[in-house]
Amino acid sequence: MSTTQTNKIEIIKAATSKINEVDFENLSFGSIFTDHLFECDFKNGEWQKPVIKPYAPFLLDPSSRVFHYGQAIFEGMKAYKDEDDAIWLFRPDENYKRFNKSAVRMAMQEVPEDIFMNGLKELLKLDEAWIKRGKGNSMYIRPFMIATGTGVIANPSDNYKFMIILSPVSAYYAGEVKVLIAEHYSRAANGGIGAAKAAGNYAAQFYPTSLANKQGFQQVIWTDDATHTKLEEAGTMNVFFRINDTLFTAPVSERILDGVTRKTLIDLAKSEGINVDVRPVLVSELVEASKNGTLKEIFGAGTAAVVSPISGFSYQDVYHELPNNEDSMALKLKDKLTNIQNKIAEDTFGWTVKV
Ligand SMILES: Cc1ncc(COP(=O)(O)O)c(C=O)c1O
């Protein structure tokens, strides 16, 4: 191991790299991690010296609050490498803002921008050999923060650990995605934490999603908790519905995550002359549009899968198959977006940021 200082980040390099053990042609999403991680602790009322060090397990006190009261938040973003080997981030400011919004909602410490952004950039530069060029290839970035303060007392922690880990990913193909529309379970409620990227939101979805999986559905589309009549979002994706040639998507709310891909697709679709209607979408409208043949597409939008076309949905035990579209808006928008992200098409929106 060797130690250097960059932008006040202490860098402890791994003695050897694991990169040659990785089969980049057959990456399974989020399962391989690079040689290093970024870490910065908040304790004694202040952020400590940030460090980049070899990726490895770490010790925590069994009474750490994260284990008992679930103070844990995360983000998901990607970096791309262009043909000249320059590294690019996509709208990182959006992820940074959302991270601290999650922190505030979970009564956790906000992370200063220089720690988040410099940590991210220096880590990407150090492990840049792990970022592969070419469409579909990217580096999935997982910033996260946990409560490390000790004591089984149901109060917010005084101490936190902020970390960033990196996982190389290739084009994500989810296979056929059939969805079940939620009629009983909810992922979020008014006044709750649905709009935060809090770990507990995902844990809350696992059981109802596993029930849907047993019935042959890959995902659940959540509905509003009070009436189960409004379509909201899926596991880790916001959702779009195409009825005739208009794209509909629910407005973000305190129950719905403000997805970066969602807002990007809304702008891209508008720039393509597509009519976009952001308003609550009723389950009854969807069923009606499916019956009268005006429902053309449903697709999910999120950082991991980018755009994920949905092949059909089930509601009240009736399965509605979606038509095959020659002119899929999902695929058209996915292509536009990934061309901008991978620096194949010009970014006229100013979304990409060079590392
Ligand atoms: C619950 C939920 N909704 C939507 C999204 C999509 O958000 P983004 O496009 O920022 O990845 C995600 C993923 O981050 C998510 O976890």
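This tour moves from the whole chain to selected residues, naming at each stop what to select and what is there.

**The whole chain**

Begin with the complete protein in view, bearing in mind that the model is predicted. With the cartoon representation switched on, the secondary structure comes to seven helices and 23 strands. The C-alpha atoms fill a box of roughly 65 × 50 × 35 Å when the box is taken along the principal axes. The radius of gyration is 21 Å, which agrees with the value near 20 Å that a compact globule of 355 residues would have.

Switch next to a surface representation, where the accessible surface of the protein comes to about 16,200 Å², with 50% of it belonging to carbon and sulfur atoms. Of the 355 residues, 52% count as buried. If the contacts between residues at least 6 apart in sequence are drawn, 70% of them join residues at least 24 apart. Colouring by charge picks out 39 positive and 45 negative side chains, and the centres of these two sets lie 2 Å apart.

**Stop one: K197**

Select K197, which UniProt lists, in an unreviewed entry, for "modified residue: N6-(pyridoxal phosphate)lysine". Its place is in the loop between β11 (178–181) and α4 (199–214). Is this lysine, K197, buried or exposed? K197 has a relative accessible area of 9%, and because the cut-off for burial is under 20%, K197 counts as buried. Expand the selection to its contacts, leaving aside neighbours within four places in sequence, and the partners that appear are A72, I73, F74, E75, G76, R98, S102, Y202 and L257.

**Stop two: F38**

Move to F38, which lies in strand β3 (residues 36–43). F38 is buried, with a relative accessible area of 0%. Which residues are in contact with F38 once its neighbours within four places in sequence are left aside? The set consists of I9, P50, V51, I52, I115, G119, L123, F162, M163 and I164. For a distance to draw from here, take F38 and S186, which are 148 residues apart in sequence and 34 Å apart in space, C-alpha to C-alpha.

**Stop three: F67**

Select F67 in helix α1 (residues 65–69). Not counting residues up to four places away in sequence, F67 touches L60, D61 and P62. A line from F67 to T148 spans 9.0 Å, C-alpha to C-alpha, while the two residues are 81 apart in sequence.

**Stop four: A234**

Go on to A234, which lies in strand β14 (residues 233–234). A234 is buried, with a relative accessible area of 3%. Around A234, not counting residues up to four places away in sequence, the residues touched are Q205, Q219, V220, W222 and V239. A234 and E113 are 121 residues apart in sequence, and their C-alpha atoms are 29 Å apart in space.

**Stop five: two loops with positive phi**

The backbone is the subject here. Most residues other than glycine have a negative phi. Select N244, which is not a glycine and yet has a positive phi of about 50°. N244 sits in the loop between β15 (237–243) and β16 (246–249), and at 42% relative accessibility it counts as partly exposed. Then select Q316, which likewise has a positive phi of about 50° although it is not a glycine. Where is Q316 placed? Q316 is in the loop between β21 (312–315) and β22 (318–321).

**Stop six: K291**

Turn to K291, found in helix α6 (residues 283–291). K291 has a relative accessible area of 65% and counts as exposed, because the cut-off for that class is over 50%. Drawing a line from K291 to F349 gives 38 Å, C-alpha to C-alpha, for two residues that are 58 apart in sequence.

**Last stop: Q341**

End the tour at Q341, in helix α7 (residues 329–341). Q341 is buried, with a relative accessible area of 7%. Show its contacts, not counting residues up to four places away in sequence, and Q341 is seen to touch Y80, F90 and V306.

How values were computed
Residues numbered from 1 in each chain as written. Predicted model: local features only at pLDDT ≥ 70, side-chain atom pairs only at ≥ 80, totals over all residues. Heavy atoms only, no water. Helix = DSSP H or I, 4+ residues; strand = E, 2+ residues; numbered from the N terminus. Rg over C-alpha atoms; globule rule 2.2 N^0.38 Å. Buried < 20%, exposed > 50% of the residue type's maximum accessible area, 1.4 Å probe, protein only. Contact = heavy atoms within 4.5 Å. Areas by Shrake-Rupley, 256 points an atom, 1.4 Å probe, with all protein chains shown as cover. Lys, Arg positive; Asp, Glu negative; His and termini not counted. Charge placed at Lys NZ, Arg CZ, Asp CG, Glu CD. UniProt positions renumbered as here; feature names shortened; annotations may be inferred.
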